[in-house]
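Here is a short briefing on one protein chain. Look over the sequence and the model, then read the points below by topic.

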Amino acid sequence: MEVAYLQTPIGTAEFHGDENGLISVSVLDINKPIGIIPEALEGAVCQFKEYFEGNRKHFDLTLNPKGTDFQKKVWNSLLEIPHGKTISYLELSKKLGDVKAIRAVAAANGKNPLWIVVPCHRVIGSNGDLTGYAGGLYRKKWLLEHESPVKQQALF
């Protein structure tokens with residue numbers, strides 16, 4: 001398995017993958033030296049740079065996350081949430097066909113191994129609150145603002 005790092009505005013992205021696809025992307029609170037980007041991860045690192053520059057709204061990568069069938073079903077559903085949009089955990093549970101599975105859906109969402117690529121940050125509470133984000137709520141807020149089609153302008 002290959003590893004690569006990228007400095008982003010909200011932490012260091014750590015990529016894991018190989019010729020079979022991207023296995024995981026996580027965010028670290030510490031700086032890591034960038035170093036040489038392995039060929040298997042060049043596309044992911046390039047697309048993340050474009051995302052943070054505001055030039056990419058959709059990732060086109062081969063994904064190979066490890067998880068249960070249920071987790072993968074939830075993660076695949078997350079891929080359908082459009083850039084700049086949000087959905088509630090309840091809506092996601094309904095979309096998956098079982099409103100009673102809301103806790104299991106939330107737990108699978110929290111175990112998403114592909115930070116930003118599988119946009120778990122686009123899932124919010126039914127009342128609109130930013131809830132439950134493994135990377136920290138300040139990152140979730142930053143990502144949603146970054147993706148928002150309406151940018152808040154400074155008053156002064």
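Over residues 4-64, the chain is 18% helix and 34% strand. The C-alpha atoms at the two ends of that stretch are 16 Å apart. The model is predicted. UniProt, in an unreviewed entry, lists residues 4-64 as "domain: Methylguanine DNA methyltransferase ribonuclease-like".

**The sheet**

- Three strands make an open sheet, in the order β1-β2-β3. Their pairing is antiparallel.
- In general, strands of a sheet pair through backbone hydrogen bonds, either parallel or antiparallel.
- β1 (2-8) and β3 are the edge strands. Each has a single partner strand, so one side of each has no neighbour in the sheet.
- From one strand to the next, the twist averages 20°.
- β1 and β2 form a hairpin, with two residues between them. Seven bridges join this antiparallel pair. Val3 stands opposite His16 in β2.
- Strand β2 (residues 11-18) also pairs with β3 in the antiparallel sense, again over seven bridges. Here Phe15 stands opposite Val25 in β3.
- In a regular strand, side chains alternate between the two faces of the sheet.
- Which helix lies across the three strands β1, β2 and β3? Helix α1 does, and it runs at about 15° to β1.

**Salt bridges**

- Side chains of opposite charge can pair when their charged atoms come close.
- How many salt bridges does the structure hold? There are five. Three of them are described next, taken one pair at a time.

*Asp29 and Arg139*

- The side chains of Asp29 and Arg139 meet in a salt bridge, at 2.4 Å from N to O.
- This pair links distant parts of the chain, 110 residues apart. Asp29 sits in the loop between β3 (21-28) and α1 (42-52), while Arg139 belongs to helix α5 (residues 137-147).
- Are the two partners buried or exposed? Asp29 counts as exposed, because its relative accessibility is 65% and the cut-off for exposed is over 50%. Arg139 counts as buried, because its value is 4% and buried means under 20%.

*Lys95 and Glu80*

- Lys95 and Glu80 also join their side chains in a salt bridge, with 3.0 Å from N to O.
- These partners are 15 residues apart. Lys95 is in helix α3 (residues 89-95), and Glu80 is in the loop between α2 (69-78) and β4 (87-88).
- Lys95 is partly exposed, with a relative accessible area of 41%. Glu80 is exposed, at 52%.

*Glu147 and Arg122*

- Glu147 and Arg122 form a salt bridge through their side chains, at 2.8 Å from N to O.
- The link spans 25 residues along the chain. Glu147 lies in helix α5, and Arg122 lies in the loop between α4 (102-110) and β5 (123-124).
- Glu147 is buried, at 3% relative accessibility. Arg122 is buried too, with a relative accessible area of 6%.

**Cysteines**

- Which residue does UniProt list as "active site"? The unreviewed entry gives Cys120.
- Cys120 is found in the loop between α4 and β5. The loop between α4 and β5 also holds Arg122, the salt-bridge partner of Glu147.
- Is Cys120 buried or exposed? Cys120 is buried, because its relative accessible area is 8% and the limit for buried is under 20%.
- What does Cys120 touch, not counting residues up to four places away in sequence? Its contacts are Leu78, Asn109, Asn112, Tyr133 and Lys140.
- Cys46 is partly exposed, with a relative accessible area of 39%.
- A search of the whole structure finds zero disulfides.

**Arg103 in helix α4**

- Arg103 is found in helix α4. Arg103 is exposed, with a relative accessible area of 74%.
- Arg103 and Leu137 are 34 residues apart along the chain. Their C-alpha atoms are separated by 19 Å.

Methods
Residues are numbered from 1 along each chain as its sequence is written. This is a predicted model: local features need pLDDT of at least 70, side-chain atom pairs count only at pLDDT 80 or more; totals for chains, interfaces and linings use all residues. Side-chain values use heavy atoms; hydrogens and water are left out. UniProt positions are given in the numbering used here, feature names are shortened, and annotations may be inferred rather than shown by experiment. Helices (H or I, at least four residues) and strands (E, at least two) are DSSP runs, numbered from the N terminus. A salt bridge is a side-chain nitrogen of Lys or Arg within 4 Å of a carboxyl oxygen of Asp or Glu. Buried means under 20% relative accessible area, exposed over 50%, partly exposed in between (1.4 Å probe, protein chains only). Contact means heavy atoms within 4.5 Å. A disulfide is a pair of cysteine sulfur atoms within 2.5 Å. Two strands pair if DSSP finds at least two bridges between them. Axes are lines fitted to C-alpha atoms, for helices over the stretch in contact, and angles run from 0 to 180 degrees between N-to-C directions.
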